[in-house]
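Subject: Structure handover and notes

Dear colleague,

Here is the structure I promised to pass on to you. Please open it beside this message, since the notes below are meant to be read with the chain in view.

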Amino acid sequence: MKRSGLSDFVVSKGALRFLPRNSKTAEAYAGSAVKLKVLVVLSISILLLSCHNNPVDSGGGFPVKAGPILFISDKSGSSQLYSMNEGGSNVQQLTSDSAFPILDAKWSPDGSKIAVVSLIGDEMTYPSFRDAIFIMNADGSNKYQLTKEWLDIYDSAWGMIEYGGAKNPVWSPDSKQIAYGRLMIPEALGNWDIFLINSDGTAERRVTETVHLVEGAYDWSGDGKSLIGVVGDYTDTQRLCVFDLQGVVLRSWGSTGEMWGVPVLSRTGNQIAFGIHANYVDDVFVMSLQDTDGSGRVSLTNGKYLYPRPVAYSTDDSKILLNVGYRNAEGYLHHEIVLMNSDGSAPKEITPFDADSADSEAASWRR
């Protein structure tokens with residue numbers, strides 16, 4: 001087996017994106033290595049001189065008990081964490097700190113903790129403004145910062161490599177580890193790698209090591225021995241992959257010209273939901289995890305939604321939670337939360353707030 005140095009992969013776009021990309025292309029930086037090094041040094045200097053950490057609360061907690069579905073909404077004026085029941089009832093606001101916007105949130109499998117992603121640093125000194133993963137108890141208490149906003153890694157081929165930020169936390173089945181993504185600096189290299197860290201912040205390590213590829217983890221296998229994710233580069237192709245915990249690609253699905261992404265495993269572990277962007281159409285599909293080439297996949301959305309993205313299966317695998325997009329009268333992209341049967345029938349929009357006045361996206365569903 002070789003590491004995921006595959007030559008025909010691309011970063012995903014639109015709803016199937018792994019993580020936000022810098023809009024400048026790699027070509028714009030060609031021949032500018034010296035300038036890039038200067039920019040990185042200046043950015044680090046600015047960070048050391050002017051960044052400030054967002055508050056980390058050693059106690060406290062949510063004002064109410066969190067419901068099973070976590071979602072993020074900007075209804076209050078900034079991105080904050082909310083919860084609701086499976087049918088969209090009992091909506092509760094869990095956080096209200098505009099200095100601590102919530103970008104992502106994931107229940108631990110045992111339901112005892114929540115991993116959230118927020119911003120840290122000074123937003124006036126980009127690129128020092130970075131994402132970090134925080135861990136808190138299920139009631140919001142005892143919040144602590146798990147990942148550093150910057151990380152230096154020694155690479156035998158490249159020397160010291162710097163990574164910034166941390167996104168897309170994914171808990172291991174035993175709730176003891178988290179896989180997540182970091183972006184190599186400078187962003188023009190377009191390299192995302194998968195990292196692992198213990199939930200207490202120890203034993204952080206890089207899992208994938210291929211430069212110029214996007215490699216991201218979205219779920220764990222039920223036995224905790226592998227990760228389900230994506231690999232892509234710049235050729236308008238992205239594939240689903242199964243990685244072992246050393247970064248070796250064990251299996252992959254996808255065809256040239258298609259962007260497969262955001263895979264979510266069923267709770268029983270025998271089915272996978274994922275998105276495909278092909279021929280300017282985005283759809284969510286399901287297939288057996290034993291399907292060797294994806295030929296048995298079945299569409300759940302059939303072109304009905306803009307940028308549909310699976311979030312989670314229900315505990316009994318009978319339903320799937322999705323985020324979907326639409327454009328309002330002004331042309332701005334907004335999101336809605338949809339719950340449907342796992343065969344695609346009986347879709348129900350459960351967005352708790354008026355979608356034209358607030359943007360809301362589901363983040364996690366407690367087991």
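A residue is called buried here when its relative accessible area is under 20%, exposed when that area is over 50%, and partly exposed in between. By that cut-off Phe285 is buried, because its relative accessible area is 14%. Please keep in mind throughout that this is a predicted model.

**Confidence**

The mean pLDDT of the chain is 83, and 81% of its residues reach 70 or more. Residues 1-56 need caution, as pLDDT stays under 50 over this stretch, although the model has 129 contacts beyond four places in sequence for it. Where pLDDT is low, the predicted coordinates should not be read in detail.

**Two sheets**

One open sheet is made of 4 strands in the order β3-β2-β1-β25, with antiparallel pairing. Its edge strands are β3 (92-93) and β25 (360-365), each of which pairs on one side only. Within this sheet, strand β1 (residues 69-73) runs antiparallel to strand β2 (residues 80-84), and 5 bridges join the two; if you would like a point of reference there, Ile72 has Leu81 in β2 as its bridge partner.

Another open sheet, also of 4 strands, follows the order β21-β22-β23-β24, and the pairing is again antiparallel. Here β21 and β24 (348-349) stand at the edges with a single partner strand each, so one side of each has no neighbour in the sheet. Strand β23 (residues 333-341) pairs with β24 in the antiparallel sense over 2 bridges, and Leu339 is found opposite Lys348 in β24.

**Aromatic rings**

The count of aromatic pairs comes to 8. Among them is the pair of Phe100 and Phe134, which is edge-to-face, with 4.9 Å from centre to centre and 80 degrees between the planes. This pair links distant parts of the chain, since Phe100 is in the loop between β3 and β4 (104-107) while Phe134 is in strand β6 (residues 130-137), 34 residues apart. Both Phe100 and Phe134 are buried.

Phe274 and Phe285 make a stacked pair, because their ring centres are 6.1 Å apart and their planes are at 20 degrees. Phe274 belongs to strand β18 (residues 271-278) and Phe285 to strand β19 (residues 281-288), 11 residues apart. With a relative accessibility of 0%, Phe274 counts as buried. There is also a cluster in which ring pairs link Phe71, Tyr82 and Phe353.

Two arginines deserve a look alongside these rings. Arg297 lies over the face of Phe285, at 5.5 Å from the ring centre, and Arg366 lies over the face of Trp107, at 4.7 Å from the ring centre.

**Salt bridges**

Side chains of opposite charge can pair when their charged atoms come close. A search of the whole structure finds 7 salt bridges, and three examples follow.

Arg297, already mentioned for its place over Phe285, forms a salt bridge with Glu258, the closest N and O atoms being 3.9 Å apart. The pair links distant parts of the chain, with Arg297 in the loop between β19 and β20 and Glu258 in the loop between β16 (249-253) and β17 (259-265), 39 residues apart. Arg297 counts as partly exposed, at 28% relative accessibility, whereas Glu258 is buried, with a relative accessible area of 16%.

Arg206 forms a salt bridge with Asp193, and their closest N and O atoms are 3.9 Å apart. As Arg206 lies in strand β12 (residues 205-206) and Asp193 in strand β11 (residues 192-198), the pair ties together parts that are 13 residues apart in sequence. Arg206 and Asp193 are both buried, and a network of salt bridges links them with Asp155.

In the third example, Asp104 forms a salt bridge with Lys106, with the closest N and O atoms 3.9 Å apart. Asp104 is buried, with a relative accessible area of 14%, and Lys106 is buried as well, with a relative accessible area of 17%.

**A buried threonine**

Lastly, Thr301 is placed in the loop between β20 (298-299) and β21 (306-313), and it counts as buried, at 4% relative accessibility. Leaving aside neighbours within four places in sequence, Thr301 is in contact with Asp283, Val284, Pro308, Leu322 and Met340.

With best wishes

How values were computed
Residues are numbered from 1 along each chain as its sequence is written. Side-chain values use heavy atoms; hydrogens and water are left out. Two strands pair if DSSP finds at least two bridges between them. Buried means under 20% relative accessible area, exposed over 50%, partly exposed in between (1.4 Å probe, protein chains only). Contact means heavy atoms within 4.5 Å. Rings of Phe, Tyr and Trp (its six-membered ring) pair if their centres lie within 6.5 Å; planes under 30 degrees apart count as stacked, over 60 as edge-to-face and the rest as tilted. A charge sits over a ring if NZ of Lys or CZ of Arg is within 6 Å of the ring centre and within 35 degrees of the ring normal. pLDDT is the predictor's confidence in each residue, from 0 to 100. A salt bridge is a side-chain nitrogen of Lys or Arg within 4 Å of a carboxyl oxygen of Asp or Glu.
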